[in-house]
Amino acid sequence: MTEKIQQADWEEFFHRISQDFLDWEVSVQILDQRFGAQMLSEGLPFNGLTYDNKHGHDVMELNVGAGWKSHQTHNIYSPRTVAFEANGPGGTLDIEDVSGTKTLVNFLHPMPFLVEYVKSELLTLG
């Protein structure tokens, strides 16, 4: 079931989503009437989403990726609707701006953790 998020709740909702889905693998797709569907990113970890309304200018900032090689920031100006549809443990976040362009963030699954270790060697004195 799709849940429409009221604008008064956006900031709190994005804070909760940013905590609940931190480091989940996501795909981000842009649906634009002029340019069609475009894949912005696939397989990168979700870092967070913020909402800011300063001086009457609404902007959302979506951050994905890790490190300087794969980090991406996508800004959504003048958002008008936000909806979330849960799908198993993940879900899809649907943000539409005033021009009708949609940003779809699909939360796929938690990213596997990479564990770094050092193999110790025994030195025997002869």
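Biologist: Is glutamate 96 buried or exposed in this model?

Modeller: The model is a predicted one. Burial is read from relative accessible area, and buried means under 20%. Glutamate 96 has a relative accessibility of 16%, so it counts as buried.

Biologist: With which residue does the side chain of glutamate 96 meet in a salt bridge?

Modeller: Side chains of opposite charge can pair when their charged atoms come close. Here the partner of glutamate 96 is arginine 80, with 2.4 Å from N to O. Arginine 80 belongs to strand 6 and glutamate 96 to strand 7, so this salt bridge ties together parts that are 16 residues apart in sequence. Arginine 80 is partly exposed, at a relative accessible area of 45%.

Biologist: How many salt bridges does a search of the whole structure find?

Modeller: The search finds two. Besides the pair already described, lysine 102 and aspartate 94 meet through their side chains at 3.1 Å, N to O. Lysine 102 counts as partly exposed, with 26% relative accessibility.

Biologist: Which side chain of opposite charge is nearest to glutamate 25?

Modeller: That side chain is lysine 69, which is 19 Å away; glutamate 25 is buried yet has no salt bridge. Glutamate 25 is placed in strand 2. Residues up to four places away in sequence being left out, glutamate 25 touches several others, among them Leu44, Phe107, His109 and Met111.

Biologist: What polar contact does the side chain of aspartate 32 make with another side chain?

Modeller: Aspartate 32 has a side-chain polar contact with threonine 101, at 3.0 Å. A polar atom of the aspartate 32 side chain also lies 3.0 Å from the backbone nitrogen of phenylalanine 35. Aspartate 32 is part of strand 2, residues 24-32, and it counts as buried because its relative accessibility is 16%. Its C-alpha atom is separated by 7.3 Å from that of glycine 100, although the two residues are 68 apart along the chain.

Biologist: How should asparagine 63 be read, and what is its relative accessible area?

Modeller: Asparagine 63 has a relative accessible area of 15% and is therefore buried. It lies in strand 4, and its side chain makes a polar contact with the side chain of glutamate 61 at 3.4 Å. Neighbours within four places in sequence aside, asparagine 63 is in contact with Phe46, Asn47, Gly48, His71, Gln72 and Thr73.

Biologist: Which residues have the most contacts inside the largest nonpolar core?

Modeller: They are Phe14, Phe46, Val82, Leu93 and Phe107, in a core of 23 residues. Elements that give two or more residues to this core include helix 1 (10-20), strand 3 (36-54) and strand 8 (102-110).

Biologist: How many aromatic pairs are counted?

Modeller: A pair of aromatic rings is described by the distance of the centres and the angle of the planes. The count comes to eight aromatic pairs. One of them joins phenylalanine 21 and phenylalanine 107, which are stacked, at 4.3 Å centre to centre with 25 degrees between the planes. Phenylalanine 21 is in the loop between helix 1 and strand 2, while phenylalanine 107 is in strand 8, 86 residues apart. The rings of phenylalanine 46 and phenylalanine 107 have centres 5.0 Å apart and planes at 85 degrees, so this pair is edge-to-face. It links strand 3, which holds phenylalanine 46, with strand 8, which holds phenylalanine 107, across 61 residues. Phenylalanine 46 and phenylalanine 107 are both buried.

Biologist: Which residues form one aromatic cluster?

Modeller: The cluster is formed by Phe13, Phe14, Phe21, Trp24, Phe46, Phe84 and Phe107.

Key:
Residues are numbered from 1 along each chain as its sequence is written. This is a predicted model: local features need pLDDT of at least 70, side-chain atom pairs count only at pLDDT 80 or more; totals for chains, interfaces and linings use all residues. Side-chain values use heavy atoms; hydrogens and water are left out. Helices (H or I, at least four residues) and strands (E, at least two) are DSSP runs, numbered from the N terminus. Buried means under 20% relative accessible area, exposed over 50%, partly exposed in between (1.4 Å probe, protein chains only). A polar contact is a pair of N or O atoms within 3.5 Å; within protein, one must be able to donate a hydrogen and the other to accept it, and residues adjacent in sequence count only if both atoms are side-chain atoms. Lys and Arg count as positive and Asp and Glu as negative; His and the chain ends are not counted. A salt bridge is a side-chain nitrogen of Lys or Arg within 4 Å of a carboxyl oxygen of Asp or Glu. Contact means heavy atoms within 4.5 Å. A nonpolar core is a set of buried Ala, Val, Leu, Ile, Met, Phe, Trp, Tyr and Cys residues joined through side-chain atoms within 4.5 Å. Rings of Phe, Tyr and Trp (its six-membered ring) pair if their centres lie within 6.5 Å; planes under 30 degrees apart count as stacked, over 60 as edge-to-face and the rest as tilted.
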